[in-house]
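Trainee: I would like to take a close look at a single part of this protein, and to see how that part sits within the whole.

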Amino acid sequence: MFKTALLATAFLVANTAAAQEFTSYSTEEPFEDVAFAIENAILGKGLVIDSLSHTGAMLERTRADVGSDKVLFLAADVYEFCSASVSREVMEADPDNFNFCPYAIRISERPESKGTVTVSHQAYTGTMAPVDALLKSIVTDALGLE
């Protein structure tokens with residue numbers, strides 16, 4: 001379906017509060033096509049999208065209001081959703097996994113890499129491994145990866 005360069009390595013994003021690992025994929029497909037494919041892959045798993053945040057549009061819309069002239073994204077959206085079965089499985093293993101729900105898949109295109117769309121999700125291990133498998137399956141379905 002998509003000609004995609006898989007960047008299936010987790011990378012570390014650190015800040016002063018916490019460090020989080022994300023799994024990222026990149027593709028040369030247009031942002032709108034990737035967003036459509038991600039949305040369909042989520043729905044195709046029988047899941048409901050709880051929210052769709054147009055983070056890139058918000059940052060662009062408010063750029064001048066906050067005194068910035070830097071364009072951060074050409075487009076950036078965040079899809080949030082949950083799975084009753086997977087959530088139950090990981091929360092029965094550890095009720096504190098509640099803190100990770102809902103789950104998110106992020107899609108972005110940056111000005112410095114125009115034409116390359118990045119799809120990412122938080123990387124999970126341990127009792128959250130079933131969520132990681134779900135997120136990877138959604139992205140690989142959407143991007144046509146095996």
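Which pattern does the protein follow when read along the sequence, and what can be said in detail about helix α4?

Mentor: Bearing in mind that this is a predicted model, the protein follows the pattern β-β-β-α-β-α-β-α-β-β-α along its sequence, with four helices and seven strands in total. Of the 146 residues, 35% are buried, and among contacts between residues at least 6 apart in sequence, 63% join residues at least 24 apart. The protein exposes about 8,400 Å², of which carbon and sulfur atoms supply 55%.

Turning to helix α4, which covers residues 129-143, its 15 residues should span 21 Å because each residue is expected to add 1.5 Å, and the end C-alpha atoms are indeed 21 Å apart, in agreement with that expectation. The buried residues of α4 are V131, D132, L134, L135, I138, V139, T140, A142 and L143. In reading such a list it helps to recall that an α-helix has 3.6 residues a turn, so residues three or four places apart point the same way. After α4 comes G144, whose phi is positive, near 70°.

One of the buried residues of α4, L134, also leads to another part of the chain, for it is touched by S83. S83 lies in the loop between β5 (75-82) and α3 (84-93), and with a relative accessible area of 5%, under the 20% cut-off, S83 counts as buried. Leaving aside residues up to four places away in sequence, S83 touches L47, R88 and Y103 as well as L134.

Terms used: Residues numbered from 1 in each chain as written. Predicted model: local features only at pLDDT ≥ 70, side-chain atom pairs only at ≥ 80, totals over all residues. Heavy atoms only, no water. Helix = DSSP H or I, 4+ residues; strand = E, 2+ residues; numbered from the N terminus. Expected span 1.5 Å × (residues − 1). Buried < 20%, exposed > 50% of the residue type's maximum accessible area, 1.4 Å probe, protein only. Contact = heavy atoms within 4.5 Å. Areas by Shrake-Rupley, 256 points an atom, 1.4 Å probe, with all protein chains shown as cover.
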